[in-house]
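Let us walk through this structure from the inside outwards, beginning with its strands and ending with the loops and the ligand.

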Amino acid sequence: MLRRFYSRVIFPRLMDFSLNRPEVAELRKRILAEVTGDTLEIGFGTGLNLPHYPVEIHTVSALEPNEGMNGLALRRIRDSQIEVKHLHHDGEEIPVADGSFDSVVSTWTLCSVGDPPEVLREVSRTLRPGGRFFFLEHGLAQNPRIQKWQHRLTPINKIIADGCHLNRDIKSIVETEGLRIVRHERLNLKDAPRILGELYIGVAQKG
Ligand SMILES: C[S@@+](CC[C@H](N)C(=O)[O-])C[C@H]1O[C@@H](n2cnc3c(N)ncnc32)[C@H](O)[C@@H]1O
């Protein structure tokens with residue numbers, strides 16, 4: 001009961017506050033600049049990506065299992081020219097036909113999903129041949145000393161941040177059958193602790 005209240009009411013506000021920053025917005029703009037065609041965003045959250053999609057994007061299918069995110073997303077949806085189609089589902093089971101999208105987007109989401117390989121299988125299934133998966137995620141550091149703290153602190157972080165793992169190797173997760181990484185870069189957020197600020201930004205292509 002308390003856990004559900006935290007997840008639905010408190011966490012969306014904490015998450016929105018911590019990810020609504022200029023440094024993060026710049027990175028969102030950068031990864032979304034090349035998104036084209038029919039687009040799915042997994043873990044839509046409070047709609048922080050919406051203002052950064054290219055003007056050619058008219059519709060985004062927004063997959064988000066936590067209904068508590070919707071209230072905060074509303075204002076951004078109202079302020080946007082983009083039509084948002086809500087899919088209240090987990091990324092492990094996306095309720096659309098094979099090959100429905102040209103682009104799938106995931107930002108700060110693969111850290112939190114229950115079964116990352118299954119989500120990536122679904123991403124691959126729902127992309128058209130040649131379609132692209134755009135990812136901007138935090139995860140496992142390259143430095144072993146930071147990794148050690150990420151492993152230690154993940155159990156407590158999962159409680160505070162609604163299932164978020166600090167120590168996932170995002171590149172390995174994205175390297176799924178059917179998806180080929182065509183671009184990938186590691187970055188550090190300047191204004192975040194190293195355990196949280198180790199980023200993976202990249203694009204994978206189907207086929
Ligand atoms: C840290 S928030 C990031 C939200 C948003 N992507 C952003 O960049 O601001 C993680 C999001 O992933 C969602 N999420 C958690 N488990 C999920 C799953 N199995 N499938 C899809 N989304 C999930 C959460 O509800 C939350 O909205």
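Two strands are taken as paired if DSSP finds at least two bridges between them. With that criterion in hand, one can start in this predicted model with strand E1, residues 39–42, and ask which residue of strand E4 stands opposite Ile 42. The residue opposite Ile 42 in E4 is Ser 106, while Leu 40 of E1 has Val 104 as its bridge partner in E4. Altogether E1 and E4, the latter spanning residues 101–107, pair in the parallel sense over 4 bridges. E1 is also joined to strand E2, residues 59–63, by 4 bridges, and these strands too run parallel; here Leu 40 stands opposite Ser 61, so that, taking the bridges to E2 and E4 together, Leu 40 has a partner in each of these strands.

In a regular strand the side chains alternate between the two faces of the sheet. For E1, Thr 39 and Glu 41 lie on one side and Leu 40 and Ile 42 on the other, and as all four are buried, both faces of the strand are covered.

From E1 the path leads on to E4, of whose 7 residues 6 are buried, so that E4 is largely enclosed by the rest of the structure. E4 is joined to strand E5 by 6 bridges, with the two strands running parallel, and within this pairing Ser 103 has Arg 132 in E5 as its bridge partner. The strands E4 and E5, together with helix H4, make a right-handed β-α-β unit.

Helix H4, residues 116–126, has as its buried residues Pro 116, Val 119, Leu 120, Glu 122, Val 123, Ser 124 and Thr 126. These buried residues pack against E1, E4 and E5, and also against helix H6, strand E6 (179–188) and strand E7.

Which residues have the most contacts inside the largest nonpolar core? That core has 36 residues, and those with the most contacts inside it are Val 104, Phe 133, Phe 135 and Val 174. At least two residues of the core are supplied by each of E1, E2, E4, H4, E5 (127–138), H6 and E7 (198–206), and E5 gives the most, with 5 residues. Val 104, already met as the partner of Leu 40, illustrates how these elements come together: leaving aside its neighbours within four places in sequence, Val 104 is in contact with Leu 40, Ile 42, Val 123, Thr 126, Leu 127 and Phe 133.

The loops offer a varied picture, and two of their residues deserve a look at the backbone. Trp 108 is found in the loop between E4 and H4, and its phi is near 50°, a positive value in a residue other than glycine. Is Trp 108 buried or exposed? Trp 108 counts as buried because it has 21 C-beta neighbours inside 10 Å, where the cut-off for a buried residue is 20 or more. Asp 162, in the loop between helix H5 (144–160) and helix H6 (170–174), likewise has a positive phi, near 55°, and is a residue other than glycine. Asp 162, however, has 19 C-beta neighbours inside 10 Å and therefore counts as partly exposed.

Two further loop residues are exposed. His 88 is placed in the loop between strand E3 (83–87) and E4, and it is exposed, with 12 other C-beta atoms within 10 Å. Not counting residues up to four places away in sequence, His 88 touches Glu 64, Pro 65 and Glu 67, whereas His 151, 63 residues apart from His 88 in sequence, is 31 Å apart from it in space, C-alpha to C-alpha. Asn 143, in the loop between E5 and H5, is exposed as well, with 12 other C-beta atoms within 10 Å. Asn 143 and Glu 198 are 55 residues apart in sequence and 10.0 Å apart in space, C-alpha to C-alpha.

The last stop is the ligand. Of the 21 residues around it, Gly 43, Gly 45, Asn 66, Gly 91 and Thr 107 come nearest. By class, the shell around the ligand holds 9 nonpolar, 9 polar and 3 charged residues.

Notes:
Residues are numbered from 1 along each chain as its sequence is written. This is a predicted model: local features need pLDDT of at least 70, side-chain atom pairs count only at pLDDT 80 or more; totals for chains, interfaces and linings use all residues. A residue is near a molecule or strand if its C-beta atom, placed from the backbone, lies within 6 Å of it. Ala, Val, Leu, Ile, Met, Phe, Trp, Tyr, Cys and Pro count as nonpolar, Asp, Glu, Lys and Arg as charged, and the others, Gly among them, as polar. A nonpolar core is a set of buried Ala, Val, Leu, Ile, Met, Phe, Trp, Tyr and Cys residues joined through C-beta atoms within 7 Å. Two residues are in contact if their C-beta atoms, placed from the backbone, lie within 7 Å. A crossover is right-handed if, with the strands pointing away from the viewer, the path from the first strand over the helix to the second runs clockwise.
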